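Q: Please take a close look at the aromatic rings of this structure and describe how they pair. I would like the geometry, the location and the burial treated together.

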Amino acid sequence: LMSNGTVKVTWDGQHIQTKLVGLQYLDTIKTVIKVATDLQYTKEQIATALEGFVPSTGFTQIFSLTNEIPVIDDGGTSNKQGFIVAMHLLETLEAKKKIVVTSGIVDLGNESVKIHTELAELAHTTANEVWYLGKSGKEEFGKIFSKKMNIQCR
């Protein structure tokens, strides 16, 4: 990952800087390279396509409110694995303050308490605060974050 969270890969001696944010896209990049190679595209064509690909809003995005406050927008989908990946990405970013804004994950059935507790514990090790916008999991996040001084579950 680059300092801005984007993925840079080296393939066959060539450095490719993508606009994809987060290591969760590495397997996709490998697949694209394999398929494009099998279809007999040149290395240059593949590199140009990967570097030029602009992810839509459904992909993880990163932007800054100021130079000191990076924002990861992973709101396109909400699932356990995506949340974990976003927390690992947040962990790699340098920032004075790290805030998780989430509405939780709905439709988890009997697993909701367990999964939200796991996610809250992970977020607790990475973020200074959590701003909770939803209902599913809010109680679990509140319990975990209330244990840490100066941490709020809003």
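**The aromatic ring pairs**

A: Before turning to the rings, one backbone detail can be placed: in this predicted model, Gln 40 lies in the loop between helix H1 (26–38) and helix H2 (43–52). Phi of Gln 40 is near 70 degrees, a positive value in a residue other than glycine, and Gln 40 is exposed, with a relative accessible area of 70%.

As for the rings, a pair is described by the distance of the centres and the angle of the planes. With centres required to lie within 6.5 Å, the count comes to five aromatic pairs. In one of them, the ring centres of Tyr 132 and Phe 141 are 5.0 Å apart and the planes stand at 45 degrees, so this pair is tilted; Tyr 132 and Phe 141 are both buried. Phe 141 also pairs with Phe 145, where the centres are 6.3 Å apart and the planes are at 10 degrees, and because planes under 30 degrees apart count as stacked, the pair of Phe 141 and Phe 145 is stacked.

The setting of that stacked pair is helical, since Phe 141 and Phe 145 both lie in helix H5 (residues 138–145), separated by four residues, about one turn of the helix. Phe 145 is buried, as is Phe 141. Taken together, ring pairs join Phe 83, Tyr 132, Phe 141 and Phe 145 into a cluster.

How values were computed
Residues numbered from 1 in each chain as written. Predicted model: local features only at pLDDT ≥ 70, side-chain atom pairs only at ≥ 80, totals over all residues. Heavy atoms only, no water. Helix = DSSP H or I, 4+ residues; strand = E, 2+ residues; numbered from the N terminus. Buried < 20%, exposed > 50% of the residue type's maximum accessible area, 1.4 Å probe, protein only. Phe/Tyr/Trp six-rings, centres within 6.5 Å; stacked < 30°, edge-to-face > 60°.
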